[in-house]
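Reader: I should be grateful for a close look at the charged side chains of this protein and at the parts of the chain that they bring together. Please set out the reasoning step by step, and then place the account in the wider fold.

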Amino acid sequence: MGKQFVKKRGLTNSKMSSKFDRNKRLRKIQEENGAHSSSPSSSEEASGEESSGDAVEEIIYKEPSVYDNLLMKLGSSSESVADAFKIRQRQEEGRSDSEEEGVGGPESLSESEQEDDISGEGTDSESRNCTTEGTLQQPGSIGIREQNEDADSVASDTDEEHGLGLNGQPSSEASAHASSFHEHFGYNLSKEEVDDLSKKKLKYEWEVPAVDMSNCKWVGTGECFLKDDNLYSDYGLKPKLYKHWLDIYNKSGGNDFHSSKQRSFFSLCNSYRDILHSNKKPFYLKGQEEDSNIMETYLMHSLNHIFRTRDLVTKNDTKVAKNKVSAKEGILIGDAFLDRGFTRPKVLILLPLKSIALNVVKRLIRLTPDAHKVNVEHIDRFCDEFGTKKEEEDKDDDDASQNIRGTRKSNSQKSKPSDYQILFGGNNDDNFSIGIKFTRKSIKLYNDFYTSDMIVASPINLHQKMTKAEENKEQDVDYLSSIEVLIIDHADIILMQNWSWLIEVVEQLNRIPSKQHGTDVMRIRQWYLDGYSRFYRQTVLLSYHPNPEINAFFNHHCANYQGKVKLACEYKGVLPKVLLNVRQIYERFNADSIAKADDARLEYFTKKVFPKIKDSIQGGIMLFLSSYFEFVRLRNFLKSQNASFCLLGDYTEPSDISRARVWFFEGKRKMILYTERSHFYHRYKIRGIQNLIIYSLPERKEFYPEIVNMLEGSHNMTCTVLFSRFDMLRLERIVGSAHAKKMVKSEKGVFVFC
């Protein structure tokens, strides 16, 4: 079963050398043991090796598993695996391996890296000056003696923190205080549990009021865990991280961390459950404080995860180094030493724009304790590439005219709404990725993905890398194979880009890689080898509003065995923000299912709405649509009816847009089609609207009053809105939850708001 699964995942089929064949070695050792017991001359030797022989037999004499099969496939292509097997073979034969070197992995810090961490060598001038939200310390000079003392203290601290005994097993005192990190990743799912997870439909069984959100509550699956989060003074954080975070909180004016939104949301993150926060007020809508608090929390959770992972690997490296000459093979291959995945990156943060990534990385640096950021490599380069791009002035006439056009563009941007200016006022590039590595003394930006701890990227960039890897077999995206914490922030903006690409990127996560990439396979966790890692991955999904696509993603692509937590809210609506005295007529159409809703909407429009406007002499009719799919269908229908219309769609050329706006204002075209995505990126002010038909409600509730208020100056203002019961999420954000429930269930099909 396991062998077939690994083969299905695309591992290369290389011939296995006989010295790596664990079954042949097993039979050989059994034959030798039988010969020793029958030969009198070997009785002393057999008795002398009795204790070590028993230890080896307990660990190694077992049926080949998926783990064994993976070793057989990867062993011949890796020197490190071959060396590891040589050591084990000598120990099984009773020979000393004291002359052999230990085998490390990409997640371990090499001696040269540790020296770099201490001395700060390898840092270029780019790490000197950049304004961040914290003070970056300059590297100091520390001697080798201090390095050794520091390394010893780190090892002892991590042992104490994890509460692990001599052989890496939990001590009795620490078992009750084990961190959620070790509880979550130390548990091995059985095949029956995995099958049950794949079939079972989760039920949200408990609810807890959300801190500082009176209209919202957290609902979750399984047992409620939020009531027991007062047991530990550090709330599951590493002590150094907790102290540093508490200092930042107090300096920012906070006085009760326990009751704060940061602490509450961290308790959710630290549970390692999948989280859907669908009411996060973004920074560009006067939600700077809330957005920063949530960002701070998931970054601190990410740091905590990375540091705990590194401490576990470092501790195990130390124990392996101390015990590699003792011939106690059981210590080297016990479950306590399975501490890594196929590749090093463990945290992936997906963001829509470079300007947002700039704020996230700067806040990440600020939240990192001072001792771990003596150097921040390539910080100047990062600020230049992710910050606002400055226009270079040229004396050339052509460049001068270009600067004039740029000034006009800048002035036109100032006429846009404030949220538009804040969101798009920075670097709007949506194609980026950066690897971040944490060492004991420094943070390395622009690190190679395979040696990074965290990747910050846009879905668009990763999708491009996936496409290139499919076209060129020499390239790969195996660095996504061991992601344990996935954070998707500003999902509502990603919806406006390309949601399908995000889904494809997430589907690529946690696959068994096509290559080994230098990993010490002797230390890979069993559930990675079994192909169960997606059931251990935590996904934190953050959005300004809920949405059917977001809900479907959370339901079908988040399969954490710990369970799920999501936010449920009641809304007041945005109708009071409509400044004009305009009759807003809501007409409900019937649809049998969500799959048939689009067809039912078009049918209702063609039979009930279009006949009223087809023969109308009056022009100035704007049709607002929320999706490009609806835009295409309605455009094709109007063409078939030889209607007079123009287009403002997602992919309309700027010259065509200018022409269409003039034609519509002058009455040369009776109708204009305008999409929500076009409004999101451009915020056009459409003049000449006399009759507004909202074919489908906007996802972003603030767009509704903006669109309706465009009727200003109209002599006979009318607004018609089409909706069905499957538009409930959008409807309640606009008219309010109470009104929306009545409108969906009422026997009447027409509702009027004035």
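Author: In this predicted model, aspartate 489 has a relative accessible area of 1%, and aspartate 489 therefore counts as buried, the limit being under 20%. Lysine 280 is buried as well, at 2% relative accessibility. The side chains of lysine 280 and aspartate 489 form a salt bridge with an N to O distance of 2.5 Å. Lysine 280 belongs to the loop between strand 3 (274-277) and helix 14 (288-323), and aspartate 489 to the loop between strand 9 (485-488) and helix 21 (491-497); the salt bridge therefore ties together parts that are 209 residues apart in sequence. Side chains of opposite charge can pair when their charged atoms come close.

A further pair involves helix 14. Glutamate 296 and arginine 363 meet through their side chains in a salt bridge of 3.2 Å, N to O. Glutamate 296 lies in helix 14 and arginine 363 in helix 16 (residues 354-367), so that distant parts of the chain, 67 residues apart, are linked. Glutamate 296 is buried, at a relative accessible area of 8%, and arginine 363 is buried, also at 8%.

Strand 9 also serves as a landmark for another salt bridge, which joins lysine 515 to aspartate 476, with 3.3 Å between the closest N and O atoms. Aspartate 476 lies in the loop between helix 20 (459-471) and strand 9, and lysine 515 in the loop between helix 22 (499-508) and helix 23 (526-529); the pair thus ties together parts 39 residues apart in sequence. Here the aspartate and the lysine fall into separate classes of exposure: aspartate 476 is buried, with a relative accessible area of 15%, whereas lysine 515 is partly exposed, with 34%.

These pairs are among a total of 31 salt bridges. Elsewhere, a network of salt bridges links Arg601, Glu630, Glu699, Asp727, Arg730 and Arg733.

The wider fold includes an open sheet of 7 strands with mixed pairing, in the order 14-15-13-16-17-12-18. Its edges are strand 14 (645-648) and strand 18 (750-753), each of which pairs on one side only. From one strand to the next, the twist averages 20°. At one edge, strand 14 runs parallel to strand 15 (residues 671-675) over 4 bridges, and leucine 647 stands opposite leucine 673 in strand 15.

Helices pack on this sheet. Helix 25 (residues 597-614) lies across strand 12 (583-588), strand 13 (621-625), strand 15, strand 16 (691-694) and strand 17 (718-723), and runs at about 160° to strand 17. Helix 31 (residues 737-745) touches strand 12, strand 17 and strand 18, with its direction at about 45° to that of strand 12.

Strand 17 is largely enclosed by the rest of the structure, because 5 of its 6 residues are buried. Strand 17 runs parallel to strand 12, to which 6 bridges join it, and parallel to strand 16, with 4 bridges. Cysteine 719 in strand 17 is the bridge partner of glutamine 584 and also of leucine 692. From strand 16 the chain passes through helix 29 (residues 703-708) to strand 17, in a right-handed β-α-β crossover.

Methods: Residues numbered from 1 in each chain as written. Predicted model: local features only at pLDDT ≥ 70, side-chain atom pairs only at ≥ 80, totals over all residues. Heavy atoms only, no water. Salt bridge = Lys/Arg side-chain N within 4 Å of Asp/Glu carboxyl O. Helix = DSSP H or I, 4+ residues; strand = E, 2+ residues; numbered from the N terminus. Buried < 20%, exposed > 50% of the residue type's maximum accessible area, 1.4 Å probe, protein only. Pairing = 2+ DSSP bridges. Axes fitted to C-alpha atoms, helices over the stretch in contact; angles between N-to-C directions. Contact = heavy atoms within 4.5 Å. Right-handed = clockwise from strand over helix to strand, strands pointing away.
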